[in-house]
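Please take me through this model stop by stop. Tell me what to select next and what is there.

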Amino acid sequence: MPPSSASLTTSAPRRAGAGEFAPLLRLVKSQGLLERRTGWYAAGIAVNAVILVAVTAAVPVLGDSWWVLALAPVLALFWARTAFYGHDAGHSQISSSRRVNQWLGLLHGNLLLGMSSAWWNDKHNRHHANPNHVDKDPDVGVGVLVWTQTQAERREGLARWLTANQARLFFPLLLLEGIALKVSSIRMIIAGDGWDRRGRGRLVEGLLLAAHYAGYVTLLAVSMPLGRALAFAFVHHAVFGLHLGCVFAPNHKGMEMPDGDGERWGHLKRQVLTSRNVTGGKVVDWFMGGLNHQVEHHLFPSMPRPHLRLARPVVRRYCEEQGVKYTEAALLDSYRQALSHMHAVGAPLRRR
């Protein structure tokens with residue numbers, strides 16, 4: 001049900017805190033935008049599964065030719081769709097049943113992608129709770145890249161060179177992200193952090209990951225020579241990592257990074273001021289899985305993805321009335337802003 005064009009003028013308080021979000025929440029609920037879209041998800045998951053099966057079946061057919069590498073980017077593209085469904089299951093968007101969402105996450109993450117859903121959910125939920133907070137959001141913690149000049153000043157050796165040049169290295173580094181996600185997942189399973197005492201969750205996750213790797217390696221081993229198999233795996237994971245990075249990078253990089261004052265922000269400001277929407281119509285919506293409506297997703301994490309674009313005019317109008325800056329940018333401009341921020345962070349190191 002699309003949102004109405006009625007005015008959003010309310011008597012909502014303008015002070016920081018939960019009070020400024022409550023009227024928006026009531027309005028969104030009244031328009032049915034938080035209701036689940038089980039049919040939409042069932043159809044999308046089924047279509048994605050059919051395409052994955054078709055591409056997988058084509059691999060041994062073309063395995064005797066280098067043309068098989070053309071299937072790697074196609075598989076990566078629909079692996080990204082798979083990741084979107086796993087992401088939505090983690091946010092309880094698909095079903096009202098916690099168990100159903102959990103199993104959908106395990107099947108899409110662990111079995112199909114070889115990526116731990118428990119690891120992803122833990123990391124992603126901490127990001128949602130405190131987006132862009134240097135001490136609390138793992139997405140802006142110190143890693144290969146850094147996000148503040150304070151972080152940059154502590155870099156030494158090779159890390160210092162990487163930080164000085166991180167803007168120009170960003171997209172090349174994304175080619176390794178698909179592999180990095182799997183490495184992080186395996187490390188979490190081996191470490192066993194965060195599992196119940198009986199380790200049932202860890203066992204299920206580990207078995208599904210093992211099934212994924214066994215199936216993936218077997219498919220390539222029986223379909224093509226070793227060199228071609230390694231090339232296929234690299235192209236596949238490189239495009240997959242690049243695609244996911246291109247989806248998630250423009251959403252928060254270069255936006256507000258709250259510290260002391262930001263910790264006193266209410267939910268509305270904490271989510272809106274740290275997020276950037278990416279515009280571009282249906283093509284961009286499909287490429288980014290609807291997560292280009294990042295402001296709405298952060299305000300309402302359990303909102304089904306097809307409703308995010310419907311909520312956009314409602315949220316934008318409300319933010320204007322509350323005096324909260326609502327940021328949007330075209331796709332290329334969003335990358336420019338994100339890269340400009342990374343370039344500025346590394347600037348002091350380039351002057352030394």
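Select Arg316 and Glu320. Their side chains form a salt bridge, with the closest N and O atoms 3.7 Å apart. Bear in mind that this is a predicted model. Both residues sit in helix H15 (residues 305-322), so their spacing of four residues puts them about one helical turn from each other. Colour the pair by accessibility. Arg316 is partly exposed, because its relative accessibility is 33%. Glu320 has a relative accessible area of 52%, so Glu320 counts as exposed; the cut-off for exposed is over 50%.

Keep Arg316 and add Glu328. Here is another salt bridge, 3.0 Å from N to O. This one links distant parts of the chain: Arg316 belongs to helix H15, Glu328 to strand E2 (residues 328-330), and twelve residues separate them. Glu328 is partly exposed, because its relative accessible area is 22%. Now add Arg312. Through shared salt-bridge partners, Arg312, Arg316, Glu320 and Glu328 make up one network.

How many salt bridges does the structure hold? The count is eight. For one more of them, go to helix H5 (residues 117-129) and select Asp122 and Arg126, which are four residues apart, about one turn of the helix. Their salt bridge has its closest N and O atoms at 3.2 Å. Asp122 is partly exposed, because its relative accessibility is 39%. Arg126 is partly exposed too, since its relative accessibility is 39%.

Leave the charges and turn to the nonpolar residues. In soluble globular proteins, nonpolar side chains tend to be buried together. Select Leu24, Leu220, Phe232, Leu268, Leu299, Phe300 and Val315: these have the most contacts inside the largest nonpolar core, which has 56 residues. Which helix gives this core its largest share? Select helix H3 (residues 71-90), the source of nine core residues.

Centre on Leu299. Show what Leu299 contacts, leaving out neighbours within four places in sequence. Phe21 and Leu24 are on the list. So are His267, Leu268, Gln271 and Val272. Val315 completes the set.

One stop remains. Apart from the largest core lies another, of eight residues. Select Trp147, Ala167, Phe170 and Leu174, which are among its members.

Note on methods. Residues numbered from 1 in each chain as written. Predicted model: local features only at pLDDT ≥ 70, side-chain atom pairs only at ≥ 80, totals over all residues. Heavy atoms only, no water. Core = buried A, V, L, I, M, F, W, Y, C linked by side-chain atoms within 4.5 Å. Buried < 20%, exposed > 50% of the residue type's maximum accessible area, 1.4 Å probe, protein only. Helix = DSSP H or I, 4+ residues; strand = E, 2+ residues; numbered from the N terminus. Contact = heavy atoms within 4.5 Å. Salt bridge = Lys/Arg side-chain N within 4 Å of Asp/Glu carboxyl O.
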